[in-house]
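Dear colleague,

I am passing on a structure that you have not worked with before, and I would be glad if you could look through it with the notes below beside you.

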Amino acid sequence: MRKSTLLCAVSLAAALASPAAAQELTIGLSAEPSALDPHYHNLGPNNAMRRHLFESLILQDEKQRLHPGLATSWKPLDDTTWEFKLREGVKFHDGSPFTAKDVVYSVCRIPNVENSPSSFTVYTKGIADMEIKDPHTLIIKTGTPFPLLPVEVSAWGVISATANGVTGDIGFSPEGCTGTGDYPKTEAFNTGAAAIGTGLYKFKEYTRGEKIVFERNGDYWGDKADWATVTFRPITSDGPRVAALLAGDVDMIDKPPLQDLERIKAEGFQIAQGLSNRVIYLHMDQKEEPSPGITGTDKNPFLDVRVRKAVSMAINREAIVDRIMGGIAVPAGELLPPGMFGSSPDAEATPYDPDQAKQLLAEAGYPDGFGLTIGSPNDRYINDAQIAQAVAQMLTRIGITTQVDAVTASTFFKRRNQYEFSMYLAGWGSATGEMSSPLRALIATPDKAKGYGGTNRGRYSSPALDSMIDEALATVDDDKREAVLQEASKLAMSDFAILPLHFEVTPWAFRKGITYAPRTDQYTLALGVKPAS
Amino acid sequence: MLVYLLRRLGQSLFVVVAMAVLVFIGVYAIGNPIDIMISADSDQAEMEAAIARLGLDKPMWEQFFIFVKNALQGDLGRSFVYSSDALGLILSKLPATLELAFLALLFAVFIGVPLGMIAGLRPHSVVGKSIMAGSILGFSLPNFWQGMMLILLFAVIFKVLPSGGRGDTVEVFGIAWSFLTLDGLSHMLLPAINLALFKTSLVIRLARAGTREAALQDYVKFARAKGLSPTRIVLVHIAKNIMIPVVTILGLELGSMIAFAVVTESVFAWPGMGKLLIDSIQLLDRPVVVAYLMLTVFMFIIINFAVDMLYCLLDPRVRLSQVRA
């Protein structure tokens with residue numbers, strides 16, 4: 001009896017103590033957002049941070065699948081008209097109710113953010129018209145059939161019209177809205193004055209370079225927040241970030257270096273890791289002849305599909321994953337990991353076969369190979385320069401004498417965009433989570449009007465592939481679109497248009513007592529950090 | 001005197017102009033900020049729009065002309081990344097860097113001078129030799145590694161001090177200071193030690209050399225003959241006389257501690273100017289880098305100008321020779 005009373009008291013004390021101790025969460029971040037303005041800078045760290053304060057009509061879960069957010073349902077009425085039913089009873093942090101007007105106001109503001117380094121207009125320019133049917137029903141019209149509308153809607157946050165001084169009605173037009181008054185400045189979000197969203201957390205404090213503090217939004221429409229306060233601390237250097245975790249100064253860090261994972265585990269911390277949407281690939285110059293980085297021949301060997309296939313076969317992707325990535329990556333046979341929209345379950349990485357690769361080279365007229373320089377960044381992707389080195393050695397083995405030109409990211413991207421490399425290593429993360437993203441950006445024929453081939457610096461071009469992408473991007477029916485995308489991807493892979501190497505796996509490290517669901521978009525969100533039960 | 005002053009002023013102006021050209025060209029020759037700052041899924045149209053927004057579509061000479069025009073009005077540009085005034089951004093980080101530099105300076109003086117004097121008074125003892133050996137370590141161990149070891153020792157293993165960040169701050173005159181709170185001080189301790197180690201070693205060597213020299217001087221012998229206690233001789237007569245070179249060197253070193261505490265601030269995630277500089281370089285935030293370097297150039301020119309003026313006042317020979325030349 002006495003023992004059980006004591007036990008009871010102890011467990012009661014523990015139960016009382018642990019939630020209090022578990023109310024605060026501190027996260028060490030490898031990259032700091034440049035502002036808290038949800039429409040200022042379309043880049044990973046900003047997009048991750050804004051999800052705490054500002055929500056979208058549609059949310060992306062950790063696998064980037066779409067879920068109801070501020071909209072409870074959405075459906076296409078016809079090919080160019082969509083109806084969004086908005087959630088009722090949602091309040092902004094200042095207590096004002098959320099209605100369709102706030103959505104229109106947000107879309108109106110996006111093109112009007114001053115000095116935006118990377119604008120969110122890429123996600124709103126498909127919108128031709130918006131119509132408020134009633135405060136909780138919104139009609140969005142697109143100029144052409146536009147199946148990506150729900151995904152793009154999930155990419156920007158909704159701010160409050162009322163809190164920013166709008167009293168009357170707003171007239172929407174893609175060229176410029178009426179009745180919006182002056183939009184809040186980015187600075188107003190950073191000071192907290194305009195940081196009024198519907199998110200699970202509210203603004204508390206922001207000191208650039210030092211910390212971002214959020215507190216629980218008690219009036220949230222969904223499940224209540226697990227943490228009373230959340231503090232994000234930017235610690236951009238890897239070593240100090242790991243040290244901060246080991247010292248107990250932070251509860252969790254993102255991007256722990258792969259070589260430190262064993263040590264972190266040995267010290268009693270936990271690692272969560274999950275497949276990301278980022279593929280590391282090799283792109284080959286398929287236009288210039290002669291090509292700048294190729295020696296020993298006046299021709300451009302990569303114009304011949306047999307050479308591209310030989311290169312792919314010469315690369316031992318398993319070995320790269322095992323030896324260089326420490327097993328923390330997955331060999332890729334496509335540009336999007338299995339399970340995501342438009343990928344094929346049966347897509348296999350090209351099997352390693354150096355003998356056949358040599359044979360193919362000989363058939364293509366290069367029995368003695370040729371000389372090649374691979375361009376690569378050395379500080380952008382996980383172990384990027386080492387991967388390029390390994391590829392160079394593997395290619396040298398089949399007769400393509402290969403050198404690596406690895407430079408810092410800022411220089412690499414500039415040179416790549418000036419077509420200085422005959423082959424380069426880079427990565428692509430699919431923000432929309434579907435196959436149309438890498439296909440359109442990396443291997444569609446560059447076309448400014450259609451927004452195709454923005455990152456196709458190998459200048460691969462295939463009319464057959466282009467027309468399949470056209471078709472997919474105009475098919476509103478999800479099942480049909482997925483089938484077209486799968487076919488398009490298969491076509492590109494069989495033509496060795498681009499050589500996927502592996503998908504990055506993203507690790508997070510955190511103390512015992514909490515859990516984190518790994519995200520394919522590599523975002524670090526306090527929303528996904530739960531006390532372990 | 002006036003001629004000399006005007007000539008020095010003219011030279012200083014020339015240095016500012018030359019540095020502006022060099023810094024601008026150097027920084028603008030590297031990479032393309034748009035590639036780093038823009039989201040990968042932006043299409044060509046959005047990329048061109050962003051380039052135009054940042055004014056990068058203009059030829060370099062025109063960008064330079066705009067920069068000079070604005071700089072003459074005291075505007076050193078607007079950060080690409082944060083969209084705020086570059087100079088204001090840098091100055092907002094100044095207090096954090098200043099308080100760290102001054103604490104490090106205190107460490108260097110109050111640890112370096114006594115140790116140096118002990119080593120100077122007992123050059124052949126074990127203590128004296130150990131101090132000198134220690135100062136060699138302080139000189140030669142890489143700053144970055146020292147910082148990581150301090151973190152490992154005090155934050156990870158013993159868990160007595162925080163690993164980084166600034167801790168609690170108190171606002172005085174609208175500026176946040178860490179040294180006024182206990183938590184803030186505990187956050188300052190490790191980075192200040194890290195920053196001070198090199199300077200302390202320097203001071204030890206200066207103080208030791210000075211002490212050895214001073215200990216043999218006539219006035220010390222006289223003081224001893226007069227029957228003054230050894231403590232008084234050391235603390236008053238020797239200490240006073242060795243401080244001149246120490247103060248001169250530390251004054252100059254303070255400038256570099258403020259401008260280039262980059263390594264320490266990165267290791268300890270200390271949100272000062274050095275961290276801002278390194279982050280801005282990585283993000284190719286050109287206006288901030290240019291403004292930072294111009295600010296540094298300006299600071300050193302003013303220090304040098306002041307020093308020259310002081311020499312001129314103190315030493316008639318400089319004054320006369322300069323006028324004749």
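Contact here means that heavy atoms lie within 4.5 Å. Please keep in mind throughout that this is a predicted model.

Leaving aside its neighbours within four places in sequence, A:Leu57 is in contact with ten residues that include A:Pro68, A:Phe84, A:Phe98, A:Leu138 and A:Val153. The largest nonpolar core has 174 residues, and within this core A:Leu57, A:Phe84, A:Trp156 and A:Leu395 are the ones that touch the most other members. Another core, of 61 residues, lies apart from it and has B:Met117, B:Val220, B:Ala239 and B:Tyr292 among its members.

Turning to where the chains meet, 49 residues from chain A and 47 residues from chain B take part in the contact. Between them the two chains bury about 3800 Å², with 50% of that on carbon and sulfur atoms. On the side of chain B, the most area is lost to chain A by B:Asp41, B:Gln44 and B:Tyr82, which together account for 16% of what that side buries.

As for polar links, two salt bridges are counted between chain B and chain A, and one salt bridge joins A:Lys448 to B:Glu48, whose closest N and O atoms are 2.8 Å apart. There are also 19 residue pairs in polar contact between the chains, both residues being at pLDDT 80 or more. Several helices of chain B each supply at least two residues to the side that touches chain A, including α5 (86-121) and α7 (143-157), while α3(B) gives the largest share, six residues. That side of chain B divides into 22 nonpolar, 13 polar and twelve charged residues.

With best wishes

Technical notes
Residues numbered from 1 in each chain as written. Chains lettered and ligands numbered in written order. Predicted model: local features only at pLDDT ≥ 70, side-chain atom pairs only at ≥ 80, totals over all residues. Heavy atoms only, no water. Core = buried A, V, L, I, M, F, W, Y, C linked by side-chain atoms within 4.5 Å. Buried < 20%, exposed > 50% of the residue type's maximum accessible area, 1.4 Å probe, protein only. Buried area = accessible area lost by both parts, 1.4 Å probe. Salt bridge = Lys/Arg side-chain N within 4 Å of Asp/Glu carboxyl O. Polar contact = N/O pair within 3.5 Å; in protein donor to acceptor, adjacent residues only side chain to side chain. Helix = DSSP H or I, 4+ residues; strand = E, 2+ residues; numbered from the N terminus. Nonpolar A, V, L, I, M, F, W, Y, C, P; charged D, E, K, R; others polar.
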